[in-house]
Amino acid sequence: RIVLQLHPTLAPYKLAILPLVKKEPLLALANKIYDDCVPFASCDFDQAGSIGKRYRRQDEIGTPACVTVDFQTLEDNAVTVRHRDTLQQYRIPIPQLLQ
C-alpha cells in the first residue's frame, strides 16, 4: 500500500467524495454533498473503478479523508468517513460533515 502521508494542511485535497456505485440516486446525493463541501475545503469527486481502487488512489495523492456515499446513506442520511492514516471508518450525519 502506497500512502503519501502529508500533513492535512499540505494535502492537495482535504476530502474525497466517493459514491459506492454509479447509480443515479447515489450519484445525485454525492454530487450534492460535493457541491456543499467545495466552498469549505478543496474536494475531489471520484466515481471511476471499484471503491477499493478509489481509496488507494486517494491514499497515493495524500487525501486525508474519504467520504463514501452508499445505499445506507439514502436511508439514514449519514455517510462513511475513512481516514487515510488509521484506515478507521465511521458514520456521521451529512449535516455534521459540513461543520
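One aromatic pair is present in the structure, which is a predicted model. The partners are Tyr-34 and Phe-45. Their ring centres lie 5.9 Å apart, and the planes meet at 70°. Planes over 60 degrees apart count as edge-to-face, and the pair is edge-to-face. Tyr-34 belongs to helix α1 (residues 24-37), whereas Phe-45 belongs to strand β2 (residues 43-45). The pair therefore ties together parts that are eleven residues apart in sequence. Neither ring residue falls in the buried class, which lies under 20% relative accessible area. Tyr-34 is partly exposed at 23%. Phe-45 is partly exposed, also with a relative accessible area of 23%.

A second ring contact involves a charge. The charged end of Arg-82 sits over the ring of Tyr-55. The distance to the ring centre is 4.4 Å.

The overall fold was examined next. The protein has four helices and five strands. In sequence order, these elements follow the pattern β-α-β-α-β-α-β-β-α. The C-alpha trace spans about 35 × 30 × 20 Å along its principal axes. For 99 residues, a compact globule would have a radius of gyration near 13 Å. The protein has 12 Å, which agrees. Of the 99 residues, 38% count as buried. Contacts also reach across the sequence. Among those between residues at least 6 apart, 55% join residues at least 24 apart.

Helix α1 carries one half of the aromatic pair, Tyr-34, and also contributes to the interior. The helix has 14 residues, and at 1.5 Å a residue it should span 20 Å. Its end C-alpha atoms are 20 Å apart, which agrees with that expectation. Six residues named in α1 are buried: Leu-26, Leu-27, Leu-29, Ala-30, Ile-33 and Cys-37. Several elements help to cover them. The cover includes strands β1 (15-19), β2, β3 (65-69) and β4 (78-83). It also includes helices α3 (71-76) and α4 (94-97). Strand β2, the element that holds Phe-45, is thus among the parts that cover the buried residues of α1.

Pro-25 also lies in α1. Unlike the buried residues of the helix, Pro-25 is partly exposed, with a relative accessible area of 45%. Its C-alpha atom is 9.6 Å from that of Asp-70, a residue 45 places away in sequence.

In soluble globular proteins, nonpolar side chains tend to be buried together. The largest nonpolar core here has 16 residues. Within this core, Ile-33, Val-69, Val-79 and Leu-97 touch the most other members. At least two core residues come from each of β1, α1, β3, β4 and α4. Helix α1 supplies the largest share, five residues.

Val-69 illustrates how the core is connected. Residues up to four places away in sequence are set aside here. Val-69 then touches Ile-17, Leu-18, Pro-19 and Leu-20, together with Leu-26, Leu-29, Ala-30 and Ile-33. Val-79 completes the list. Two of these partners, Ile-33 and Val-79, are themselves among the core residues that touch the most other members. Leu-26, Leu-29, Ala-30 and Ile-33 are among the buried residues of α1.

Pro-93 was considered next. This residue lies in strand β5 (residues 89-93). At 38% relative accessibility, Pro-93 counts as partly exposed. Its C-alpha atom is 6.3 Å from that of Val-79, although the two residues are 14 apart along the chain. With residues up to four places away in sequence left out, Pro-93 touches Asn-77 and Ala-78.

Asn-77, one of these contacts, has a notable backbone angle. Its phi is near 55°, a positive value in a residue other than glycine. Asn-77 occupies the loop between α3 and β4. The residue counts as partly exposed, at 40% relative accessibility. Leu-87 also has positive phi, near 65°, and is likewise a residue other than glycine. Leu-87 is placed in the loop between β4 and β5. At 39% relative accessibility, Leu-87 counts as partly exposed.

Conventions. Residues numbered from 1 in each chain as written. Predicted model: local features only at pLDDT ≥ 70, side-chain atom pairs only at ≥ 80, totals over all residues. Heavy atoms only, no water. Phe/Tyr/Trp six-rings, centres within 6.5 Å; stacked < 30°, edge-to-face > 60°. Buried < 20%, exposed > 50% of the residue type's maximum accessible area, 1.4 Å probe, protein only. Lys NZ or Arg CZ within 6 Å of the ring centre and 35° of its normal. Contact = heavy atoms within 4.5 Å. Expected span 1.5 Å × (residues − 1). Core = buried A, V, L, I, M, F, W, Y, C linked by side-chain atoms within 4.5 Å. Rg over C-alpha atoms; globule rule 2.2 N^0.38 Å.
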